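Trainee: I would like to learn how to read a fold from its strands. Could we go through one case step by step?

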Amino acid sequence: MNRLALFTAAFAMSIVFFASCSQSELNTISISEATSIIPGNYKVNNYDNGSGNTTAYDSYTFEFQSNGTLIASNGTDAYNGQWTIQTENAVDYDKSVTITITGNADLDALNHTWFVEELSDVTLYLTDDDTEILQLIKN
C-alpha cells in the first residue's frame, strides 16, 4: 500500500512539474497555446504591490474567458473587463498579459500589462518586474 501511495504522489508531482511553464519554457509555447491554457476561474493566491494586499482580493473570483472577457465577482457585485496575452521583446520575459477592469480601487490596481512569470493548467503568475506581483490559482 505504501508503494502505491508513493507512486501516486510521484506521478502527481511529475504532472505538475511537466505541465507548468517556467519563464525559460514560456518562449517555447505559442500565443495560441498560452491563450488556450489561461481561461478558467481563479482566486488570488498572492498580490503584493510592496505592502502585501492579498486580503483585499479574498472574496473575488476572476473568470478569464476564452473570448478575452474578464469577470471579477465578489459574491455581491460582478465587474466586467478584458484580458489579452501578447509576445514581449523584454530581456527577461517572453509573454505579457494585459488586464483592463474597473469598478473599485482594488480592481483598478490590477489594470496593467503584466509580464508572465509562470503559466500552467492551474497557475498564472504575473509581475510588473518592479514591485508588484499577482499570483492566480485556478479553482
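Trainee: How many strands make up the closed barrel, and in what order do they run?

Mentor: Start with the general idea. Strands of a sheet pair through backbone hydrogen bonds, either parallel or antiparallel. In this predicted model, 8 strands form a closed barrel in the order E1-E2-E3-E4-E5-E6-E7-E8, and the pairing is antiparallel. From one strand to the next, the twist averages 35°.

Trainee: Which strand pairs with E1 over 6 bridges?

Mentor: That partner is E8, and the two are antiparallel. To find the register, look for one bridge pair: aspartate 48 of E1 has isoleucine 133 in E8 as its bridge partner. On the E2 side, E1 is joined by 3 bridges, again antiparallel. There, asparagine 41 has glutamate 63 in E2 as its partner.

Trainee: What does glycine 40 touch?

Mentor: Glycine 40 belongs to strand E1, which covers residues 40-48. Setting aside residues up to four places away in sequence, glycine 40 touches Phe62, Glu63, Phe64 and Lys138. A C-alpha distance gives another view: glycine 40 and valine 122 are 82 residues apart in sequence, yet 8.9 Å apart in space.

Trainee: How many residues lie between E3 and E4 in their hairpin?

Mentor: There are 4 residues between them, and glycine 75 in that turn has a positive phi of about 95°. The two strands, E3 at residues 69-73 and E4 at residues 78-87, pair in the antiparallel sense over 5 bridges. Serine 73 is placed opposite alanine 78 in E4.

Trainee: Over how many bridges do E4 and E5 pair?

Mentor: E4 and E5 pair over 7 bridges, in the antiparallel sense. For the register, isoleucine 85 sits opposite valine 97 in E5.

Trainee: Which side chain makes a polar contact with that of threonine 98?

Mentor: The partner is glutamine 86, and the contact between the two side chains is 2.9 Å. Threonine 98 is in strand E5, residues 95-101. Beyond four places in sequence, threonine 98 touches Gln82, Trp83, Thr84, Gln86, His112 and Thr113. Glutamine 86 therefore appears twice for this residue: in the contact list and as a polar partner, a polar contact being a pair of N or O atoms within 3.5 Å.

Trainee: What comes after E5 in the barrel order?

Mentor: The order continues with E6, E7 and E8. E5 pairs with E6, residues 112-119, over 4 antiparallel bridges. In that pair, serine 96 faces phenylalanine 115 of E6. E6 and E7 also pair antiparallel, over 4 bridges, and a hairpin of 3 residues joins them. Glutamate 118 has tyrosine 125 in E7 as its bridge partner.

Trainee: Over how many bridges do E7 and E8 pair?

Mentor: E7, residues 123-127, and E8, residues 133-138, pair over 5 bridges in the antiparallel sense. Threonine 127 is opposite isoleucine 133 in E8. Isoleucine 133 was also named as the partner of aspartate 48.

Trainee: Where does glutamine 135 lie, and what does it contact?

Mentor: Glutamine 135 is in strand E8. Outside its neighbours within four places in sequence, glutamine 135 is in contact with Lys43, Val44, Asn45, Asn46, Leu124 and Tyr125. For one of these, Leu124, the C-alpha separation from glutamine 135 is 6.0 Å, at 11 residues along the chain.

Trainee: Next, empty space. How many cavities of 30 Å³ or more does the structure hold?

Mentor: Again, the general idea comes before the case. Rolling a probe the size of a water molecule over the atoms shows where empty space is left. Here the structure holds 1 cavity of 30 Å³ or more, and the largest cavity has a volume of about 30 Å³.

Trainee: Which residues line the largest cavity?

Mentor: The lining consists of Phe62, Phe64, Leu70, Ile99, Leu110, Leu134 and Leu136. Strand E2 (61-64) and E8 are the elements that give two or more residues to it. By class, the lining has 7 nonpolar residues, no polar and no charged. Phe62 and Phe64 have come up before, among the contacts of glycine 40.

How values were computed: Residues numbered from 1 in each chain as written. Predicted model: local features only at pLDDT ≥ 70, side-chain atom pairs only at ≥ 80, totals over all residues. Heavy atoms only, no water. Polar contact = N/O pair within 3.5 Å; in protein donor to acceptor, adjacent residues only side chain to side chain. Contact = heavy atoms within 4.5 Å. Pairing = 2+ DSSP bridges. Axes fitted to C-alpha atoms, helices over the stretch in contact; angles between N-to-C directions. 1 Å grid on protein atoms, 1.4 Å probe; cavity = no way out; pocket = protein on both sides within 12 Å on 5 of 7 lines; lining within 4 Å. Points joined across faces, edges and corners; volume = space filled by probe spheres on them. Nonpolar A, V, L, I, M, F, W, Y, C, P; charged D, E, K, R; others polar.
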